[in-house]
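Student: I'd like to look closely at one part of this protein rather than at everything at once. Could you walk me through its sheet, strand by strand?

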Amino acid sequence: MDHIDELARALARFPGIGPRQGKRFVYHLLTAPAAERTKLAALIASLGNEVQQCPICQRFYTSTSASICHYCADPRRDDALLLLVEKDQDLSALERAGTYRGRYFVLGGVLTLSGKGSIREKELLQAIEKRLHPDTPGQVVLKEVVLALSATSEGEHTADRIRQLLTPYRDHLTISTLGRGLATGSELEYSDAETLRAALSNRREA
Ligand SMILES: [Zn+2]
């Protein structure tokens with residue numbers, strides 16, 4: 001296959017990028033300085049070594065000597081609260097807003113109405129079990145799961161599936177969703193800090 005086409009196709013597999021944009025990227029790269037291309041290629045090649053996934057919240061973070069990420073390691077965060085997001089970028093947006101002080105779990109996707117997509121169901125249930133029965137003495141037991149999903153039909157559908165998964169725990173857990181303030185169809189990642197703060201403080205049982 002033609003080299004330009006092959007790279008364009010590889011780029012077109014990125015979320016939100018189609019074949020035409022893939023081609024635009026290739027032509028952009030062709031006009032960029034060779035050093036820039038080399039640096040980009042090296043950054044991509046080293047992603048696997050330089051980034052690790054937190055076994056507790058599942059987020060990706062730049063490798064450190066620590067085996068878990070700094071949000072999970074922080075003893076000042078509230079273990080009674082576990083907030084579920086679709087993707088790492090949503091977690092970053094919430095951290096930028098700076099009001100949430102509980103724990104996180106990254107679902108790693110959403111479920112579509114047509115049955116596509118996947119979320120980390122097994123890992124989520126393990127995380128919840130561990131937080132309901134902590135083996136660290138003195139650790140506060142989980143009380144509330146906050147569904148911080150996008151206000152889209154996929155977000156709703158994913159929330160329904162999580163409610164179904166958490167049915168056996170309903171006697172011990174409150175499940176809440178973000179309050180109004182997030183416009184319909186808006187994605188967490190692109191919401192401003194004020195909107196996220198309002199949505200968090202107005203969260204309601206659901
Ligand atoms: Zn973590």
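To start with, how many bridges join E3 to E4?

Tutor: Happy to! Five bridges join E3 to E4, and the two strands run parallel. Before we go on, please keep in mind that this is a predicted model, in which local features need pLDDT of at least 70 and side-chain atom pairs count only at pLDDT 80 or more, while totals for chains, interfaces and linings use all residues. Residues are numbered from 1 along each chain as its sequence is written, and side-chain values use heavy atoms, with hydrogens and water left out.

Now for the setting. The protein chain has eight helices and seven strands (DSSP runs numbered from the N terminus, with at least four residues for a helix, H or I, and at least two for a strand, E). Its C-alpha atoms fill a box of roughly 60 × 40 × 30 Å along the principal axes. Of the 206 residues in the chain, 38% are buried (under 20% relative accessible area; exposed is over 50%, and partly exposed lies in between, with a 1.4 Å probe and protein chains only).

Our sheet takes in five of these strands, in the order E4-E3-E5-E6-E7. The sheet is open, and its pairing is mixed (two strands pair if DSSP finds at least two bridges between them). Strand E4 (102-106) and strand E7 (204-205) stand at the edges with a single partner strand each, so one side of each has no neighbour in the sheet.

Let's walk inward from the E4 edge. One bridge to find on the structure is the one where Asp-78 stands opposite Gly-102 in E4. Next comes strand E3, which covers residues 78-85 and is mostly hidden: seven of its eight residues are buried. Beyond E3 lies E5, and these two strands run parallel as well, with four bridges joining them. Here Leu-82 has Val-145 of E5 as its bridge partner.

Let's pause at E5. In a regular strand the side chains alternate between the two faces of the sheet. You can follow this along E5: Glu-144 and Val-146 point one way, Val-145 and Leu-147 point the other way, and all of them are buried.

One more step takes us from E5 to E6. Strand E5 (residues 144-147) and strand E6 (residues 174-177) run parallel and are joined by four bridges. Val-145 stands opposite Ile-175 in E6, and Val-146 has Ser-176 of E6 as its bridge partner. So that you can place Val-145 in both directions, here it is again: Leu-82 is bridged to Val-145, and Ile-175 stands opposite Val-145 on the E6 side.

Within E6, have a look at Thr-177, which lies in this strand. Thr-177 has a relative accessible area of 13%, which is why it counts as buried. Leaving out residues up to four places away in sequence, Thr-177 touches Leu-147, Arg-163, Arg-203, Arg-204 and Ala-206 (a contact means heavy atoms within 4.5 Å). One of these, Leu-147, is a residue you have already met in E5.

For a contrast, look at His-172, which sits in the loop between helix H7 (153-165) and E6. His-172 counts as exposed because its relative accessibility is 56%. With residues up to four places away in sequence set aside, His-172 touches Leu-132, Leu-142 and Lys-143. Its C-alpha atom is separated by 28 Å from that of Gly-98, a residue 74 places away along the chain.

Finally, step back to the whole chain. Among contacts between residues at least 6 apart in sequence, 53% join residues at least 24 apart. The sheet shows you how such partners can meet: Asp-78 and Gly-102 stand opposite each other, and so do Val-145 and Ile-175. As you turn the model, try tracing the order E4-E3-E5-E6-E7 yourself.
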